[in-house]
Amino acid sequence: MIETERLVVKPLNYQELLTYLEGNNKLEKEWGLRFTGRTVSPDIRKRVKEEVIPIMKNLGEEEQLYQTFWLVIDKVSLSIVAELGFKGLPNAQGEIEIGYGTMPSQQGMGYMTEAVGGILQWAAGQKAVSAVLASIDKDNKASIRIAEKNGFVLYDEKPPLLWWKKAVK
């Protein structure tokens, strides 16, 4: 778990990820969080169930941190405001890719910039991690700004994606 000034960023274990995907505020009830009407898109639910869950099932607790969702919770409102996560274990060069998204009603409040900053600090403390990567659609100005504010540097372009990198060691 990561704590920043306004946020708690908590990774979901295997069972919590299954509960999160169910929706219906089930995880929020278990954690004592405010209900926000959060939904998981059918595409994300399908990808996670078909790709992520089978991988997580066979990983140790530490390795699961690189596969699961990390929920971003506002400390004051006690609500889920965003989610982020890594797209697999570190590669041979110690690079991990991050993905992130803010709940539509919470966009523009700086939550994701703060959460990404927190997870970069966490990544810096992991022996196997040397850099964090982000692939961002060239038209996604908000995500680009989040990367820039957190010190990521543009290092490649494969349309429509821009590839960003932040060394943590």
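# Briefing: a predicted model, feature by feature

P160 sits in the loop between β7 (153-158) and β8 (161-167). This is a predicted model. P160 is joined to P159 by a cis peptide bond. The largest pocket holds about 590 Å³ of space, and the second largest holds about 470 Å³. Helices α1 and α3 run roughly antiparallel to each other. The points below take these features in turn, then look at three single residues.

**Backbone points to check**

- The peptide bond between P159 and P160 is cis, with omega at about 5°.
- Most peptide bonds are trans, and most residues other than glycine have a negative phi.
- N24 is not a glycine, yet its phi is positive, near 55°.
- N24 belongs to the loop between α1 and α2 (26-31).
- Is N24 buried or exposed? Its relative accessible area is 67%, and over 50% counts as exposed, so N24 is exposed.
- L78 is another residue with a positive phi, about 50°, that is not a glycine.
- The loop that holds L78 runs between β3 (69-74) and β4 (79-86).
- L78 has a relative accessible area of 39%. That value lies between the cut-offs of 20% and 50%, so L78 is partly exposed.

**The pairing of α1 and α3**

- Helix α1 covers residues 14-22, and helix α3 covers residues 42-57.
- Their axes come within 11 Å and cross at roughly 170°.
- Why are α1 and α3 called roughly antiparallel? Angles over 145 degrees count as roughly antiparallel, and the axes cross at roughly 170°, so the label applies to this pair.
- On the α1 side, the contact is made by Y14, L17, L18, L21 and E22.
- On the α3 side, the contact is made by R45, V48, K49, V52, I53, M56 and K57.
- Eight residues of this contact are nonpolar and four are charged. No polar residue takes part.

**The largest pocket**

- About 590 Å³ of space lies in this pocket.
- Its lining has 26 residues. I44, R47, F69, E83 and G99 are the closest to its centre.
- Which elements give two or more residues to the lining? They are α3, β4 and β5 (95-102).
- Helix α3 gives the most, with six residues.
- By class, the lining has 13 nonpolar, nine polar and four charged residues.

**The second largest pocket**

- This pocket has about 470 Å³ of space.
- How many residues line the second largest pocket? There are 23.
- Y100, N140, A142, S143 and I146 lie nearest its centre.
- Two or more lining residues come from each of β5, α5 (111-124), β6 (131-137) and α6 (141-149).
- The lining divides into nine nonpolar, 11 polar and three charged residues.
- Strand β5 is thus named for both linings: with α3 and β4 for the largest pocket, and with α5, β6 and α6 for the second largest.

**T102 and G101 in strand β5**

- T102 lies in strand β5, and G101 is found there too.
- T102 has a relative accessibility of 19%. Buried means under 20%, so T102 counts as buried.
- G101 has a relative accessibility of 30% and therefore counts as partly exposed.
- Setting aside neighbours within four places in sequence, T102 is in contact with V81, A82, Q107 and M112.
- With neighbours within four places in sequence again left out, G101 is in contact with A82, E83 and M112.
- T102 and I80 are 22 residues apart along the chain, and their C-alpha atoms are separated by 9.2 Å.
- G101 and S130 are 29 residues apart in sequence, and 23 Å apart from C-alpha to C-alpha.

**Q126 in a loop**

- Where does Q126 lie? It lies in the loop between α5 and β6.
- The relative accessible area of Q126 is 16%. The cut-off for buried is under 20%, so Q126 is buried.
- Leaving out neighbours within four places in sequence, Q126 is in contact with Y66 and K169.

Technical notes:
Residues numbered from 1 in each chain as written. Predicted model: local features only at pLDDT ≥ 70, side-chain atom pairs only at ≥ 80, totals over all residues. Heavy atoms only, no water. Axes fitted to C-alpha atoms, helices over the stretch in contact; angles between N-to-C directions. Helix = DSSP H or I, 4+ residues; strand = E, 2+ residues; numbered from the N terminus. Parallel < 35°, antiparallel > 145°, perpendicular 65-115°, else oblique. Contact = heavy atoms within 4.5 Å. Nonpolar A, V, L, I, M, F, W, Y, C, P; charged D, E, K, R; others polar. Buried < 20%, exposed > 50% of the residue type's maximum accessible area, 1.4 Å probe, protein only. 1 Å grid on protein atoms, 1.4 Å probe; cavity = no way out; pocket = protein on both sides within 12 Å on 5 of 7 lines; lining within 4 Å. Points joined across faces, edges and corners; volume = space filled by probe spheres on them.
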